[in-house]
Amino acid sequence: MFSSTHIEEAVAWRHDLHRHPEIAFKEKRTSDLIARLLDEWGWNVSRGLATTGVVATLGDGSGPRLGLRADIDALPIREATGLKYASAIPGMMHACGHDGHTSMLLLAARQIASEGMKGGTVRLIFQPAEEAEGGARVMVEDGLFEQFPCDAIYGIHNWPGLAPGRMVARGADMMAAFAVFDITITGKGGHGAMPEQSDGVIAAASRIAAAAQEIPARSLSPLTPGVLSITQIHSGSAYNICPDRASLAGTARWFDADAGDILERRLEEIARGLGAAYGCTVDIDYQRRYPATINTAGEAAIARGIGDAMGLDTATADPSMASEDFAFMLERVPGAYIWLGGGREGNNPGLHAPTYDFNDAILPTGAEFWVRMARRWAGH
C-alpha cells in the first residue's frame, strides 16, 4: 500500500518528533509539522482547539463523517534509551508512543489524500495533552464536534504487551476511569526522643497508606474491578524531629460508576478516621480526571472486521486498568479505541518507561488500518 520511500519518511517524522518532545498544551513545533504536511497534501487544516490541536478535513462535510484521532504529547520523563534520536529536551520524552501514533496517521493521511474522498468525509484529529491533562476533554469543550461533526470516531494506541500482528478492539470496556488524590496530615510536632509530646503524623500516614490500598479488596465485590494505589509519601526533615506534617498521593481506577463512588467515600472515611486516632487532622483533595473508555459494539466490530481483512489476530483481551482521555470523545460520539500490538523481541520496555521506544515496524500496519477505515466509510 505504501512505497518504501513514504515509509522511510514516516519513520523520519517519528524520529524527529521523538527527538523534539513537547508536553501538554505546549506541542507547538509538533503541531506546526503536522499542519504543514497536511496542508501540502490538500487537507483543509484548522488549528487552535485546545491551544495546539489540529483538525484536518477531506471531503465536503457530508456524511458519513469519520473521525480518526492521534495523540501528540510527550511525558515529563528523562530518557534513558541511548538512541541516536533520543530526546534533545532534558526531562521530556516520548515514552508512550504518541510520536508513532502521529506518524502513522500522517502516513495514512498522505495516502487518503492521494486517493481522494469520493463519498463521505474524513476528519483527522491530532489531540494534545492526553497524558493526565485531558486534552480530549478540552477539545470537546472547545466545540470539536460542533465545528467538525463526526458519526464515528476511532483511536489507536500501540501496546507493547501484544505482539505485532495483534489488534484488540473490545465491544465494551477498554480502559478504566481514574482519579488522583492528595492527602495532607497535620498535627503537633516535637523532639524525636519524646514522641509522646507530639502527634503521630508519621504513624497516621503509614496506617492510612496501608489501609487505603486494601479498600478495593474490602469494599468491592471480587467481580468488580477497582484499584487504589498510594504512589507518594513525603514527611520529615531530620533524624531527631517528629514532623508536624505528612502528605500522601495516589490514584484510583474503576469501571463501574458505583465502584468509583465507593473508592472515594471509603478513602475519605478511613483517612479521616485513622488521622483522628493519632490526634491529627486530615485534608483530602480528590479529583476525578477521566471517565472509563467504553467502545460501542458496532464500531468495535467494524474495526475488528478491518483487522481480519488485513490478516491481523483480532482475538479479544482483558480490559486495562490504565486510563485514556479518548473516553471524553467516546462519551459524545460512537466509536472504538484500539490496541495495536507493538511488542519487541528480547528487551521490551513497557509504556512510560524511560527505556521505552515505539516499534517502527508497526507504522505501516497502523497506517494501513486507517486507510482501510477511510475507504470503508467513503464507500470505496
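How many bridges join β1 to strand β2, and in which sense do the two strands run? Colleagues, I shall begin with that point, and I note at the outset that the model before us is predicted. Four bridges join β1 to β2, the latter formed by residues 54-58, and the two strands run antiparallel. To place one pair within that ladder, N44 has T57 of β2 as its bridge partner.

These two strands belong to an open sheet of 7 strands, arranged in the order β1-β2-β4-β3-β5-β15-β6, with mixed pairing. At its edges stand β1, residues 44-47, and β6, residues 167-168, each of which pairs on one side only. Helix α3, residues 98-115, packs on this sheet. The helix touches β2, β3 (65-71), β4 (121-127), β5 (152-159) and β15, and its direction makes about 145 degrees with that of β3.

I turn now to another sheet. This one is open and has 4 strands, in the order β10-β12-β8-β13, with antiparallel pairing. Which strands stand at its edges? They are β10, residues 226-235, and β13, residues 281-290; each has a single partner strand, so one side of each is left without a neighbour in the sheet. Direction ignored, neighbouring strands here are turned against each other by 15 degrees on average.

Within this sheet, I would draw your attention to β8. The strand comprises residues 177-186 and pairs with β12, residues 245-254, over 10 bridges in the antiparallel sense. Two positions illustrate the register: A177 has W254 as its bridge partner in β12, and I183 stands opposite L248 of β12. With β13, β8 shares 9 bridges, and these two strands also run antiparallel. There, T186 is partnered by T281 of β13. Is β8 mostly covered or mostly open? The strand is mostly covered, with 7 of its 10 residues buried.

A helix also packs on this sheet, namely α8, residues 257-277. Its contacts extend to β8, β10, β12 and β13, and its direction makes about 165 degrees with that of β13.

Next, the helix pair α1 and α2. As a general matter, two packed helices are described by the angle between their axes and the distance between the axes. For α1 and α2, the axes come within 10 Å and cross at roughly 160 degrees. Angles over 145 degrees count as roughly antiparallel, so α1 is roughly antiparallel to α2. The crossing is right-handed. On the α1 side, the contact is made by W13, D16 and L17; on the α2 side, by R29, T30, L33 and L37.

Two of those contact residues, D16 and R29, lead to my last topic, the salt bridges. In general, side chains of opposite charge can pair when their charged atoms come close. The structure holds 24 salt bridges, and I shall discuss three examples.

The first example joins the side chains of D16 and R29, at 3.0 Å from N to O. D16 lies in α1, residues 4-19, and R29 in α2, residues 28-40, so the pair ties together parts that are 13 residues apart in sequence. D16 counts as partly exposed, at 24% relative accessibility, and R29 likewise counts as partly exposed, at 34%.

The second example joins E146 and R332, at 2.7 Å from N to O. Where do these two residues lie? E146 is in helix α5, residues 144-147, and R332 is in the loop between α10 (326-330) and β15 (335-341), so that the pair links distant parts of the chain, 186 residues apart. At 51% relative accessibility E146 counts as exposed, while R332, at 42%, counts as partly exposed.

The third example is formed by D357 and R344, whose closest N and O atoms are 3.6 Å apart. Both residues are in the loop between β15 and α11 (363-378), 13 residues apart. D357 is buried, with a relative accessible area of 11%, whereas R344 counts as partly exposed, at 33%. This pair belongs to a network: salt bridges that share partners join R14, D99, R344, D357 and D360.

To close, I would recall three points. The 7-stranded sheet has mixed pairing, the 4-stranded sheet has antiparallel pairing, and the salt bridge between D16 and R29 ties together parts of the chain in α1 and α2. Thank you for your attention.

Notes
Residues are numbered from 1 along each chain as its sequence is written. This is a predicted model: local features need pLDDT of at least 70, side-chain atom pairs count only at pLDDT 80 or more; totals for chains, interfaces and linings use all residues. Side-chain values use heavy atoms; hydrogens and water are left out. Two strands pair if DSSP finds at least two bridges between them. Axes are lines fitted to C-alpha atoms, for helices over the stretch in contact, and angles run from 0 to 180 degrees between N-to-C directions. Contact means heavy atoms within 4.5 Å. A salt bridge is a side-chain nitrogen of Lys or Arg within 4 Å of a carboxyl oxygen of Asp or Glu. Buried means under 20% relative accessible area, exposed over 50%, partly exposed in between (1.4 Å probe, protein chains only). Angles under 35 degrees count as roughly parallel, over 145 as roughly antiparallel, 65 to 115 as roughly perpendicular and the rest as oblique. A crossing is left-handed if the near helix is turned anticlockwise from the far one by less than a right angle, and right-handed if clockwise.
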